[in-house]
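Okay, thanks for coming, everyone. I'll put the structure up and walk you through a few spots in it.

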Amino acid sequence: LIKNLEAGKEFAELAKVHSNGPSASKGGLLGTFTRGQMVPEFDQAVFALEPGEVSGIVETPFGFHIIQRHE
């Protein structure tokens, strides 16, 4: 748990500094969502991750993303 929190905190700080998306000020946090609420490329990447895991680069019609799954 501590390792994941230290990773989620580092991820949030990097998102604040490097992201140009609308969630950057929140450390990239998108909140809770269910399968099918996001565009297919994003949805598939998120739900393929284990909690705490970070994706590679994911391309969607909205740009490029690096995703960390929390739950």
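So, start with the salt bridge between the side chains of Lys16 and Glu13, at 3.9 Å from N to O. Keep in mind that this is a predicted model. Side chains of opposite charge can pair when their charged atoms come close. Both Lys16 and Glu13 sit in helix H1, three residues apart, so about one turn of the helix. How exposed is the pair? Lys16 comes out at 44% relative accessible area, so we call Lys16 partly exposed. Glu13 is at 43%, and that makes Glu13 partly exposed as well. And how many salt bridges turn up if you search the whole structure? Just one.

Okay, on to the surface. There's a nonpolar patch here, made of Val54, Ile57, Phe64 and Ile66. Together those residues put about 450 Å² of accessible area on the surface. Which strands does the patch draw on? Strand S1, running 54-60, and strand S2, running 63-68, each give at least two residues to the patch. Take Ile57, which lies in strand S1. Is Ile57 buried or exposed? With a relative accessible area of 67%, over the 50% cut-off, Ile57 counts as exposed.

Now the pocket. The largest pocket has a volume of about 1,200 Å³. Of the 36 residues lining that pocket, the ones closest to its centre are Gly28, Leu30, Phe42, Ile66 and Ile67. Notice Ile66 in there: we just met Ile66 in the nonpolar patch. Where does the lining come from? Helix H1 (2-18), helix H2 (40-48), and strands S1 and S2 each supply at least two residues of it. As for chemistry, the lining of the largest pocket splits into 18 nonpolar, 15 polar and three charged residues.

Let me say something about the loop between H1 and H2, since two residues there make a nice pair to look at. One of them is Phe33, which is in that loop. Phe33 has 19% relative accessibility, and the cut-off for buried is under 20%, so Phe33 counts as buried. The other is Pro22, also placed in the loop between H1 and H2. Is Pro22 buried or exposed? Pro22 is exposed, at 85% relative accessible area.

How do these loop residues sit relative to other parts of the chain? From Pro22 to Met38 you go 16 residues in sequence, and the C-alpha atoms are 15 Å apart in space. From Phe33 to Asp43 it's ten residues along the chain, with 9.7 Å between the C-alpha atoms.

Asp43 is my last stop. Asp43 is in helix H2. At 11% relative accessibility, Asp43 counts as buried. And if you follow the chain on from Asp43 to Phe64, that's 21 residues, with the C-alpha atoms separated by 14 Å. Phe64, remember, is one of the residues of the nonpolar patch, so that distance takes us back to the surface we looked at earlier.

That's all from me, happy to rotate the view if anyone wants another look.

Terms used. Residues are numbered from 1 along each chain as its sequence is written. This is a predicted model: local features need pLDDT of at least 70, side-chain atom pairs count only at pLDDT 80 or more; totals for chains, interfaces and linings use all residues. Side-chain values use heavy atoms; hydrogens and water are left out. Patches are made of residues with over 30% relative accessible area and no salt bridge: like charges are joined within 9 Å, nonpolar side chains (Val, Leu, Ile, Met, Phe, Trp, Tyr) within 5 Å. Accessible areas come from the Shrake-Rupley method with a 1.4 Å probe; for residues, only the protein chains shown count as cover. A salt bridge is a side-chain nitrogen of Lys or Arg within 4 Å of a carboxyl oxygen of Asp or Glu. Helices (H or I, at least four residues) and strands (E, at least two) are DSSP runs, numbered from the N terminus. Buried means under 20% relative accessible area, exposed over 50%, partly exposed in between (1.4 Å probe, protein chains only). On a 1 Å grid over the protein atoms alone, a cavity is a set of points where a 1.4 Å probe fits but cannot get out, and a pocket is an open set with protein on both sides within 12 Å along at least five of seven lines; lining residues have an atom within 4 Å of a point. Grid points are joined across faces, edges and corners, and a volume is the space filled by probe spheres set on the points. Ala, Val, Leu, Ile, Met, Phe, Trp, Tyr, Cys and Pro count as nonpolar, Asp, Glu, Lys and Arg as charged, and the others, Gly among them, as polar.
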